[in-house]
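I opened this notebook to keep track of what I looked up. The entries follow the order in which I worked.

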2 protein chains.
Amino acid sequence: MSVNWAEVSSKHLTYLRKEVIPMWESVSPDKEYGGYFTCIDGNHKVYDTDKFIWLQGREAYMFAKLANELPDATPEERSRWIELSKLGVEFLRDKCRDTTTERKDFYFSVARDGTPQVAPFSIFSDCFACTAFAQYAKATGETWAKELAWDRFLRIEERRSNPVGSWGKGIAGQSREFLPLNVSMIDVNTCVELLSTGLFDGAGDGPLKARIQMSVMIMLEIHFDEKLGVFRENVPTPGERNANAVDTHEGRLVNPGHTLEGCWFILDTLRFQYDPIHPNQPSQPDVVAKVCNIIKRTLQHGWDSEFGGLFYFLDAEGKPLQQLEWDQKLWWVHQEALLACLYAFRATKDPFFEEWFVKIETYIFDKFVDKKNGGDIWGYLSREGRVLLNLKGGKWKGFFHSPRAFLLTGLVAKELAASS
Amino acid sequence: MSVNWAEVSSKHLTYLRKEVIPMWESVSPDKEYGGYFTCIDGNHKVYDTDKFIWLQGREAYMFAKLANELPDATPEERSRWIELSKLGVEFLRDKCRDTTTERKDFYFSVARDGTPQVAPFSIFSDCFACTAFAQYAKATGETWAKELAWDRFLRIEERRSNPVGSWGKGIAGQSREFLPLNVSMIDVNTCVELLSTGLFDGAGDGPLKARIQMSVMIMLEIHFDEKLGVFRENVPTPGERNANAVDTHEGRLVNPGHTLEGCWFILDTLRFQYDPIHPNQPSQPDVVAKVCNIIKRTLQHGWDSEFGGLFYFLDAEGKPLQQLEWDQKLWWVHQEALLACLYAFRATKDPFFEEWFVKIETYIFDKFVDKKNGGDIWGYLSREGRVLLNLKGGKWKGFFHSPRAFLLTGLVAKELAASS
């Protein structure tokens, strides 16, 4: 098999520009209150006006990212996307923070006008706001945005050892304790995003690179499951009371999409030079080999040989899951898998990844693309590949995984075309 | 159509005695630490040993209930079931309460040995423990169990206006506020269970009947949706900030299984005499007519005309749901629907309910019964009716809905057979 990477690049960038961006540009901005509507049905109408902070941050990030990185963007497009990003970052700054506390964390959700609805229990609200401010600062030079991005990075560092804080339901000193994969994964991506803006060279450079190294090591050495070749979502912390925690629902949980996304996040760090901070820090070639092997095994392990597509959750021992949605096919899982194949192929030129790139790209265009109304892709399919929810955006699906994957696939495929 | 109710009765009681009870009796009791294993796979093996308090209470209740009510139980069976109930109520009493606080609420889950895992955030842990203590007290005359049941009833009354307490993620005075259907539903059932033991006649009688009346009224007057003829799960409380709350994801949520279960709970209250406490309290015939009409419309609204079975969740406006599992077919929804048909038929003799009884009974025996291994029925099916999780018990499915439905169907069908 030999993929025509120039065609792939053009196909993905075209889909992004002709379908994904226009749908969100036309229906998502809330010009009255600021921020974005993200609950968008199959007819591309807003069906609910609540604002989920993860998605506010991610959309503001994505519009600035497009302004910063989409090849051949016209000046009109750039300035329009910067305006759209501004609509989000200002709403985040002014309406989405819990100003009753000193650290002013971001709420989880607010009503259309910014009335808070759900408490700031999620560290990821702050992570996605942080990257939005950084990309916006890069696009505009706004100092407040750069400063707020840095403030949030420091706050994330502070919260990461107890991300759920007082909203957790564990019993201190008694419940099992786990390291969650998502915190380390998002750490890596957040720091790469901050580094890539070039705004934090000098003083900021050190802490960002140190955090990347530490979180990569946690993923590769602690979350890595030797037997399955995947990451475990939750790994017990050391200590007597966690002795048997590995054989619990939490301890057995595997999320193939997270593993694959985490793997390309790690490969994406290799563009930055950083010094070993740990005596056992693996060399870059070792990291590449290990990560690509994880991608390979996760694709094989996570693929549904009966109906196609990647499962949402699996149990490491094959036991019944608590997640009723375990067998569903989610857009982001497949888009992150696509990027994992692409980054692994670029790093190794192993044809395995080219084959799986094609297999997953085919699944996405067959099943997730809306043949009738176009626009962004569907989000949620049943195991069989039936559209499960009549939505293009919702509480968790926003202007993020889909445009990011189309953009990065376009950029990396272009690079592969140029080098082949 | 004319159903042979004697045959129905015999079929359900036989399935209960030959399949459901033996499976749980053989695998569920934890003779070492007390309490029950409820995570039981398709081969009837324990796959996880955590103990979820809802299910500990429900199983202890169910064994005592069988001892108290199963017709033709032998003395050996009765004493075995009382012993099995004791295994649960003593574990609940000794290992499952948060003794660091004055009110000693029940945890949500503990490890096999009783080490607490998840905080006492759920009022229903206390509700199900309460009914377990009451049935056990009826079976044995144990005073401590009767007293603890009453202590929990008073505590539930205390917590019901803010059931999630400090574990909620709302922002006081700002987030929208809703009355949740489940609290009123379970109130009704808890009070009926306490009344039916006869242990609380006299002083206890008044508060139990008052709570039933109040909660029935909340369901029929506040949760009832005139347009759809079903209950809404969450109804905004009065106040400015809840003005538009009815058109939110929470406000639009409909759970056909809850509506149907709540309806037969209401019909089940009519065996007790109680005085009107509210000037608008409807008469009993009015209640029957209204409730049976709700059952009728919920069955029609909730039925999946494409694949059969009742949906798990619906949106009152037909908008996309947040619940990814919305289209799945759950055992309890169908078993509660069966009881709703049966209670409504007994009350009205309307052939509509006889027809739907047959339709739902057929679906249960076709799809949920495990033709290969027998034992208890499956819990979770895909929309199409495929077994979704290879389990007979788990975090939410225990020895409860299934044996209760087989028992009550057997009892009510026997009554219908005798009266026809």
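Entry 1, the domain interface. I looked up the area buried between domain 1 of chain A and domain 2 of chain A, and it is about 2700 Å². Carbon and sulfur atoms give 65% of that area. I note here that the model is a predicted one.

I then checked where the domains run. In chain A, domain 1 is made of 1–27 + 245–273 + 283–420, and domain 2 covers 29–146. To the contact, domain 1 of chain A brings 31 residues and domain 2 of chain A brings 32 residues. Taken over C-alpha atoms, the centres of these two domains of chain A are 24 Å apart.

Entry 2, polar pairs between the domains. How many salt bridges does the rule find across the interface of domain 1 of chain A and domain 2 of chain A? I found two salt bridges listed there. I also looked at E77(A) and R17(A), whose side chains form a salt bridge with N to O at 2.5 Å. For polar contacts across the interface of the two domains of chain A, I noted 13 residue pairs, with both residues at pLDDT 80 or more.

Next I asked which elements supply the domain 1 side of chain A. Those giving two or more residues to the side that touches domain 2 of chain A are α1 (5–27), β14 (391–393) and α13 (401–419) of chain A. Of the domain 1 side, α1(A) gives the most, with nine residues.

Entry 3, the two chains. I superposed chain A on chain B with a rotation of 180° and 0.0 Å of shift along the axis, and the RMSD is 0.0 Å. That is how a two-fold axis relates copies. The same surface serves both copies, since I see 100% of the contact residues of chain A recur in chain B.

I looked up the extent of this contact as well. It takes 46 residues from chain A and 46 residues from chain B. The chains bury about 3800 Å² between them, with 53% of it on carbon and sulfur atoms.

Entry 4, polar pairs between the chains. Across the interface of chain A and chain B, I recorded eight salt bridges. I also looked at R252(B) and D48(A), which meet through their side chains in a salt bridge of 3.0 Å, N to O. The count of residue pairs in polar contact between the chains is 20, both residues being at pLDDT 80 or more.

On the side of chain A that touches chain B, at least two residues each come from β1 (39–41), β2 (46–48), β5 (116–118) and α8 (249–252) of chain A. The largest share of that side is three residues, from β5(A).

Entry 5, a sheet in chain B. I traced an open sheet of three strands in the order β3-β4-β5 (chain B), and its pairing is antiparallel. Which strands are at the edge? They are β3 (51–52) and β5 (116–118) of chain B, each pairing on one side only. Between β3(B) and β4 (residues 109–110) of chain B I found two bridges. Opposite K51(B) I found V110(B) in β4(B).

Entry 6, salt bridges overall. My search of the whole structure gave 86 salt bridges over all chains. I looked at R152(A) and D105(A), which form a salt bridge with their closest N and O atoms 3.1 Å apart. R152(A) lies in helix α5 (residues 143–159) of chain A and D105(A) in the loop between α3 (75–95) and β4 (109–110) of chain A, so this pair ties together parts 47 residues apart in sequence.

Definitions and conventions:
Residues numbered from 1 in each chain as written. Chains lettered and ligands numbered in written order. Predicted model: local features only at pLDDT ≥ 70, side-chain atom pairs only at ≥ 80, totals over all residues. Heavy atoms only, no water. Least-squares fit on C-alpha atoms with pLDDT ≥ 70 in both. Contact = heavy atoms within 4.5 Å. Pairing = 2+ DSSP bridges. Helix = DSSP H or I, 4+ residues; strand = E, 2+ residues; numbered from the N terminus. Domains from an automatic or database assignment. Buried area = accessible area lost by both parts, 1.4 Å probe. Polar contact = N/O pair within 3.5 Å; in protein donor to acceptor, adjacent residues only side chain to side chain.
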